[in-house]
Amino acid sequence: MGLRETKKRQTRTAIADAALGLFLERGFDRVTVAEVARQAGVSTNTVFNYFPAKEDLFFDRQEEVEGRLAALVRDRAPGACPVAVVRDDLLEALRRDDPMLGLQSGAAAFWEVVLESPALRAREREIGEHVEAALARALTERPVGAPYREGATAAAVLAGAVAGVHRAALGELRRMVMAGEAPGRARDEVLGVARQGFDLLCTGLHGEGDPASHGHG
């Protein structure tokens, strides 16, 4: 990465960090973009150059999140079950306490900001829709194979099922953390039910048998 790109990334990170600090302190709807700019030491125009909308300042990794499941499915090994690769990625993230799961200290405060803001809740739903649409495109490009039907309709239905289990697992993890559940207990509980949910989908796709045979489990 060149010096220019490094500088741009550092500026983007500094703006996002300044914004998050203000949002956590005062709430999303009570902070203006101009205040974020002052906190980050840049102009308001500079903020909008990096973040086209205020919501982008909060969900600053939206693009990465929206494309993750699709990339897993598109890049899977020949013969691998798309449900299994999504399942295994989530289970591994849970086992290693991936920071994006929100199990670290302060995560509850982050999600509280989302719950208090209609704009952020709407953006979160939009992100979920984009995740599902990207996953459907990936399944169209790289279908499951027999006996599952091919085509855009079949891909859209399967994408909805896979993204739904993934979203529900993360939502339950958030609910437990915000309710004061110990992160380790929340993680272990969600890990078990997420595996079961994905395995049910695997069984439906491939017939009876050990769902782990269609992935690493």
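This passage walks through a predicted model of a single protein chain, from its overall make-up to a few individual residues.

The chain is built from helices: there are ten of them, and zero strands. Read along the sequence, the pattern is therefore a plain run of helical elements, α-α-α-α-α-α-α-α-α-α, where helices and strands are DSSP runs. The C-alpha atoms fill a box of roughly 60 × 40 × 30 Å along the principal axes. Of the 217 residues, 39% count as buried. Contacts that link distant parts of the sequence make up a good part of the picture: among contacts with a separation of 6 or more, 69% join residues 24 or more positions apart.

Two of the helices can be followed from end to end. Helix H1 (3-26) has 24 residues and reaches 35 Å from its first C-alpha to its last, close to the 34 Å expected at 1.5 Å a residue. The buried residues of H1 are Thr11, Ile15, Ala16, Ala18, Ala19, Leu22 and Phe23. The cover over these residues includes helix H2 (33-40), helix H3 (44-50), H4 and H7. Just after H1 comes glycine 27, with a positive phi of about 95°.

Arginine 26 also belongs to H1. With a relative accessible area of 29%, arginine 26 is partly exposed, because this class covers values between 20% and 50%. Once neighbours within four places in sequence are left aside, arginine 26 is in contact with Val31 and Glu35. Valine 113 is 87 residues away from arginine 26 along the chain, yet the C-alpha atoms of the two are separated by 8.9 Å.

Helix H9 (152-178) can be described in a similar way. H9 has 27 residues and spans 38 Å between its first and last C-alpha atoms, close to the 39 Å expected at 1.5 Å a residue. Its buried residues are Ala154, Ala155, Leu158, Ala159, Val162, Ala163, His166, Ala169, Leu173, Arg174, Met176 and Val177. What covers them includes H5, H6, H7, H8 and H10. Just after H9, glycine 180 takes a positive phi of about 95°.

One residue of H10 shows how helices meet. Alanine 194 lies in helix H10 (residues 183-206) and counts as buried, at 2% relative accessibility. Beyond its neighbours within four places in sequence, alanine 194 is in contact with Leu90, Leu91, Val165 and Ala169. Of these, Ala169 is one of the buried residues of H9. Alanine 16, by contrast, is 178 residues from alanine 194 in sequence and 31 Å from it in space, C-alpha to C-alpha.

The model also contains open space. The largest pocket holds about 1,500 Å³ and is lined by 44 residues, with Val65, Met100, Leu101, Phe110 and Trp111 nearest its centre. Several elements each give two or more residues to this lining: H1, helix H4 (54-58), helix H5 (62-74), helix H6 (82-95), helix H7 (107-116), helix H8 (118-141) and H9. The largest share, eight residues, comes from H8. By class, the lining has 21 nonpolar, eight polar and 15 charged residues.

Between H6 and H7 lies a loop that holds aspartate 97. Most residues other than glycine have a negative phi. Aspartate 97 instead has a phi near 55°, a positive value in a residue other than glycine. At 28% relative accessibility, aspartate 97 counts as partly exposed.

The cysteines give a final point to consider. A disulfide is a covalent bond between the sulfur atoms of two cysteines. How many disulfides does a search of the whole structure find? The search finds zero. Cysteine 81 is in no disulfide, and the nearest cysteine sulfur, that of cysteine 202, is 3.8 Å away. Why is there no bond between cysteine 202 and cysteine 81? The 3.8 Å between their sulfur atoms is too far for a bond, because a disulfide needs the pair to lie within 2.5 Å. Both cysteines are nevertheless hidden from the surface by the accessibility criterion: cysteine 81 counts as buried at 2% relative accessibility, and cysteine 202 counts as buried at 0%.

Conventions. Residues numbered from 1 in each chain as written. Predicted model: local features only at pLDDT ≥ 70, side-chain atom pairs only at ≥ 80, totals over all residues. Heavy atoms only, no water. 1 Å grid on protein atoms, 1.4 Å probe; cavity = no way out; pocket = protein on both sides within 12 Å on 5 of 7 lines; lining within 4 Å. Points joined across faces, edges and corners; volume = space filled by probe spheres on them. Helix = DSSP H or I, 4+ residues; strand = E, 2+ residues; numbered from the N terminus. Nonpolar A, V, L, I, M, F, W, Y, C, P; charged D, E, K, R; others polar. Buried < 20%, exposed > 50% of the residue type's maximum accessible area, 1.4 Å probe, protein only. Contact = heavy atoms within 4.5 Å. Expected span 1.5 Å × (residues − 1).
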